[in-house]
Amino acid sequence: QSKKKYAVITSQCRIGFLFILKYLKFKTQKREIIFCAYNLPEMINVAVKLNYKIKFCDLNYETGTMDILKLKRKISNNTSAIVLTNMFNDFENSRKIKRVALKHKITLIEDNAIYFDNYNKKKIKHFSGSLGDFSIYSFNIMKNISSFYGGAISTNNLEFKNFYEKEYEKLKNFPKLPLIKQ
């Protein structure tokens, strides 16, 4: 649905986000991230723990989408990524955000944790997650696709996929018994 070449499975959406931010730190010295004004503290904490400066972009109260004019004012030479939380947004607004990100050479990360499988249909279906450089997904118990636990990242970035695989190999296995008890 995201029309991305690569997908990797993660233990949670926020862990996928962690790997993306680690990759961005590896690739650039930019250390600011712009989030929608509504977001889970767990996602914000990932960026904070990696020493990113957080900026929040307010919503357009008529549409419920990220306010494009306010977003443009938040961007600086140090902005590494925009996190587009797909929840109330529409495809046209998301395309505008993508254009802003492209113009400023900023990575667009689409958070599809609660919006998976949503789409806009004019002539063809445009699924959420199809615009970002990275799209992250959650498969926890209350999600559209539930495996009780898990997440994924989709991207066209082969360099990221290779980075992820090398970083993943460094991880230690989590003990199965606490997971089963959970």
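**Notebook: a walk from Asp111 across the sheet**

I began with Asp111: setting aside neighbours within four places in sequence, I find Asp111 in contact with Cys13, Asn39, Met43, Val83, Leu84, Thr85, Asn86 and Ile136. A reminder to myself: this is a predicted model. Asp111 sits in strand β7, residues 107–111. Is Asp111 buried or exposed? Buried, with a relative accessible area of 6%. I then looked for the bridge partner of Asp111 in β10, and that is Ile136. The two strands, β7 and β10, run parallel and are joined by three bridges.

**The sheet**

Next I wanted the strand order. I read an open sheet of seven strands, ordered β1-β11-β10-β7-β6-β2-β3, with mixed pairing. Which strands are at the edges? They are β1 and β3, each of which pairs on one side only. I also looked up the twist: neighbouring strands here are turned by 20° against each other on average, ignoring direction.

Then the helices lying on the strands. α1 lies across β1, β2, β6 (79–85), β7, β10 and β11, and runs at about 155° to β10. Helix α4, residues 91–103, packs on the sheet too and touches β6 and β7. The direction of α4 makes about 175° with that of β6.

**Strand β11**

I picked β11 (residues 151–155) for a closer look. How many of its five residues are buried? Five of the five, I noted. Gly151, Ile153 and Thr155 point one way from β11, while Ala152 and Ser154 point the other way, and all are buried.

I checked what β11 pairs with. Strand β1 (residues 6–10) pairs with β11 in the antiparallel sense over five bridges, and Val8 stands opposite Ile153 there. β10 also pairs with β11 in the antiparallel sense, over five bridges. In that pairing I found Ser135 opposite Ser154.

**Thr10, in β1**

I moved to Thr10, which is found in strand β1. Thr10 is buried, with a relative accessible area of 5%. What does Thr10 contact, leaving aside neighbours within four places in sequence? My list reads Gly16, Gly150, Gly151, Ala152, Ile153 and Tyr164. The side chain of Thr10 also reaches the backbone nitrogen of Ala152 at 3.4 Å. I then tried a pair far apart in sequence: Thr10 and Tyr168 are 158 residues apart along the chain, yet their C-alpha atoms are separated by 9.2 Å.

**Helix α2**

Back to Met43, one of the contacts of Asp111. Met43 belongs to helix α2 (residues 41–49), where Met43, Ile44, Val46 and Ala47 are buried. Why do I say these residues line one face of the helix? Seen down the axis of α2, they fall within an arc of 150°, so they line one face. On the other side of α2, I see Pro41 and Lys49 exposed.

What do the buried residues of α2 pack against? I wrote down α1 (13–27), β2 (32–36), β3 (53–57), β7 and β10 (134–138). After α2 comes Asn51, and I noted its positive phi, near 65°.

**Lys55, in β3**

A lysine caught my eye: Lys55 lies in strand β3. Is Lys55 buried or exposed? It counts as buried, with a relative accessible area of 16%, and the cut-off for buried is under 20%. I looked for a partner for its side chain and found a polar contact with the side chain of Glu32, at 3.2 Å. Not counting residues up to four places away in sequence, Lys55 touches Glu32, Ile33, Ile34, Phe35, Lys74 and Ser76.

**Cysteines**

Last entry. A disulfide is a covalent bond between the sulfur atoms of two cysteines. How many disulfides does the structure hold? Zero. I looked at Cys36, which is in no disulfide; the nearest cysteine sulfur, that of Cys57, is 7.1 Å away. A disulfide needs the two sulfur atoms within 2.5 Å, so I also leave Cys57 unpaired, with the sulfur of Cys36 as its nearest at 7.1 Å. Both cysteines are covered: Cys36 is buried at a relative accessible area of 1%, and Cys57 counts as buried at 0% relative accessibility.

Notes: Residues numbered from 1 in each chain as written. Predicted model: local features only at pLDDT ≥ 70, side-chain atom pairs only at ≥ 80, totals over all residues. Heavy atoms only, no water. Helix = DSSP H or I, 4+ residues; strand = E, 2+ residues; numbered from the N terminus. Buried < 20%, exposed > 50% of the residue type's maximum accessible area, 1.4 Å probe, protein only. Contact = heavy atoms within 4.5 Å. Arc of directions from axis to C-beta. Pairing = 2+ DSSP bridges. Polar contact = N/O pair within 3.5 Å; in protein donor to acceptor, adjacent residues only side chain to side chain. Axes fitted to C-alpha atoms, helices over the stretch in contact; angles between N-to-C directions.
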